[in-house]
Amino acid sequence: TVLVGRKEEGLCDCVSSGGLSVNDTTRANKRFCHQRPITPTYLPNTPAAMFAVQRSLSLASRRFPVRSFAALQAADKHTLVLVRHGESTWNLENKFTGWVDVPLSPKGHEEVVEAGKLIKAEGINFQVAHTSLLKRAIRTLWHVLEQTDKMWIPVHKAWQLNERHYGGLQGLDKQQTVDKHGKEQVLVWRRSYDIPPPTVDRTSEHHPSNDPRYADFEFDDDFTESLSTTLDRVLPYYESEVVPELKTGKDVLIAAHGNSLRALVKHLDDIDEATIAELNIPTGTPLVYELDDDLKVIPQEGAIAPLRGKYLGDLEAVRARIEGVKNQTK
């Protein structure tokens, strides 16, 4: 005979056979069906009965697929992909850009197309994306979405993901600024954690009050930003907009800027202020974080310290890009 579970109104799809007690079978059916308790039924050991049992088992396996331990482990991970925009025209011209809305250079377009291909090859399946209000980051996101066949997913644009505002340095040539103010002073403005460059006031074309995309936001009359104040806007956005998505099981892509991403990885990797001053994020290079259920970073093999997320692509080429960012004011 074959022991199966039967609900009051019909045969349950979750069937146990051979050698199970009534209690074992009831527990098994409760576990998979999450319905009312069942009562055991005995079927004769005939070909017709066995066919019915096998069919029920097949239906159950479709409805409640058994997941391997590896699959269960993977399900506990949350993937966050960060991409700094590709090289912009002002990166190429070695100018302080900040919130000036410049486009990607031809090389920048190539970088982020390749970034999208790397993400697709890695098999990352993000369901939502975030970017800034600046076209170099938006265009970067478009390229990545196109290469990964994800043009249809929701995209959120936010000024909080903008590059750090460089105040009175915006539009200036970096090397000329070094020649005028000295390398050490410019490095302090560029890379220190909490010392901002000179401000701009509301008469400046670079003050955000003079740009219609920021018309709904309030900014100080004398405005500039350090990495610390950039973090003060990036982190609340991450906590309020990105974290809930990660907690619901979505993988997330963020296409942003060197300093907004430095601010975010400072938080993710718990990097101290002295170390973050020396950290450079390369253009157009996907940085992949795996997070546990508490959204703590799971260290990745091949990560470049102090980061625990992993850059995709050839690591020697990645290091060369990092060095290129570092050398912009030499």
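The following dialogue introduces a predicted model of a protein through questions and answers.

Student: How many helices and strands does the secondary structure of the protein come to?

Tutor: The model is a predicted one. The protein has 330 residues, and 48% of them count as buried. Its secondary structure comes to 12 helices and 10 strands.

Student: Among contacts between residues at least 6 apart in sequence, what percentage join residues at least 24 apart?

Tutor: One example of distant parts of the chain coming together is leucine 291 and lysine 77, which are 214 residues apart along the chain while their C-alpha atoms are separated by 5.5 Å. For the protein as a whole, among contacts between residues at least 6 apart in sequence, the share that joins residues at least 24 apart is 73%.

Student: Is leucine 291 buried or exposed?

Tutor: Leucine 291 lies in strand E8. A residue counts as buried when its relative accessible area is under 20%. The relative accessibility of leucine 291 is 0%, so this residue counts as buried.

Student: Which strands are joined to E4 by five bridges?

Tutor: E4 and strand E8 (residues 287-291) run antiparallel and are joined by five bridges; within this pair, leucine 80 has tyrosine 289 as its bridge partner. Five bridges also join E4 to strand E7 (residues 252-256), and these two run parallel. There, the bridge partner of valine 83 is alanine 255. The strands asked for are therefore E8 and E7.

Student: How many of the residues of E4 are buried?

Tutor: His78, Leu80, Leu82 and Arg84 point one way from E4, and these residues are buried. Thr79, Val81 and Val83 point the other way and are buried as well. The count of buried residues in E4 is seven of its seven.

Student: Which strands are joined to E5 by bridges and run parallel to E5?

Tutor: In strand E5 (residues 128-131), Val128 and His130 on one side and Ala129 and Thr131 on the other are all buried. Four bridges join E5 to E7 in a parallel arrangement, with histidine 130 opposite isoleucine 254. Three bridges join E5 to a further parallel strand, in which lysine 157 stands opposite threonine 131. The partners are E7 and E6.

Student: How many cavities of 30 Å³ or more are there, and how much space lies in the largest cavity?

Tutor: The count of cavities of 30 Å³ or more is two. The space in the largest cavity is about 200 Å³.

Student: Which helix gives the most residues to the lining of the largest cavity?

Tutor: The lining consists of 21 residues, and those nearest the centre of the cavity are Arg84, Glu163, Tyr166, Lys174 and Asn259. Two elements give two or more residues to this lining, namely helix H8 (183-191) and helix H10 (258-268). The element that gives the most, with three residues, is H10.

Student: By class, how many residues of the lining of the largest cavity are nonpolar, polar and charged?

Tutor: Among the lining residues nearest the centre are Arg84, Glu163 and Lys174; Arg, Glu and Lys count as charged. For the whole lining, the classes come to four nonpolar, nine polar and eight charged residues.

Student: Which residues does UniProt list for "active site", and why can they be said to gather at one spot?

Tutor: The listing comes from an unreviewed UniProt entry. The listed residues span 79 residues in sequence, yet no two of their C-alpha atoms are more than 10.3 Å apart, so they gather at one spot. The lining of the largest cavity includes these residues. They are His85 and Glu163.

Student: What is the relative accessible area of histidine 85?

Tutor: Histidine 85 lies in the loop between strand E4 (78-84) and helix H4 (89-93). Leaving aside neighbours within four places in sequence, histidine 85 is in contact with residues including Asn91, Leu104, Arg136 and His257. Histidine 85 is buried, and its relative accessible area is 2%.

Student: Is glutamate 163 buried or exposed?

Tutor: Glutamate 163 is found in the loop between strand E6 (155-157) and helix H7 (174-181). Not counting residues up to four places away in sequence, glutamate 163 touches, among others, Trp99, Arg136, Glu225 and His257. With a relative accessible area of 6%, glutamate 163 is buried.

Definitions and conventions:
Residues are numbered from 1 along each chain as its sequence is written. This is a predicted model: local features need pLDDT of at least 70, side-chain atom pairs count only at pLDDT 80 or more; totals for chains, interfaces and linings use all residues. Side-chain values use heavy atoms; hydrogens and water are left out. On a 1 Å grid over the protein atoms alone, a cavity is a set of points where a 1.4 Å probe fits but cannot get out, and a pocket is an open set with protein on both sides within 12 Å along at least five of seven lines; lining residues have an atom within 4 Å of a point. Grid points are joined across faces, edges and corners, and a volume is the space filled by probe spheres set on the points. UniProt positions are given in the numbering used here, feature names are shortened, and annotations may be inferred rather than shown by experiment. Buried means under 20% relative accessible area, exposed over 50%, partly exposed in between (1.4 Å probe, protein chains only). Contact means heavy atoms within 4.5 Å.
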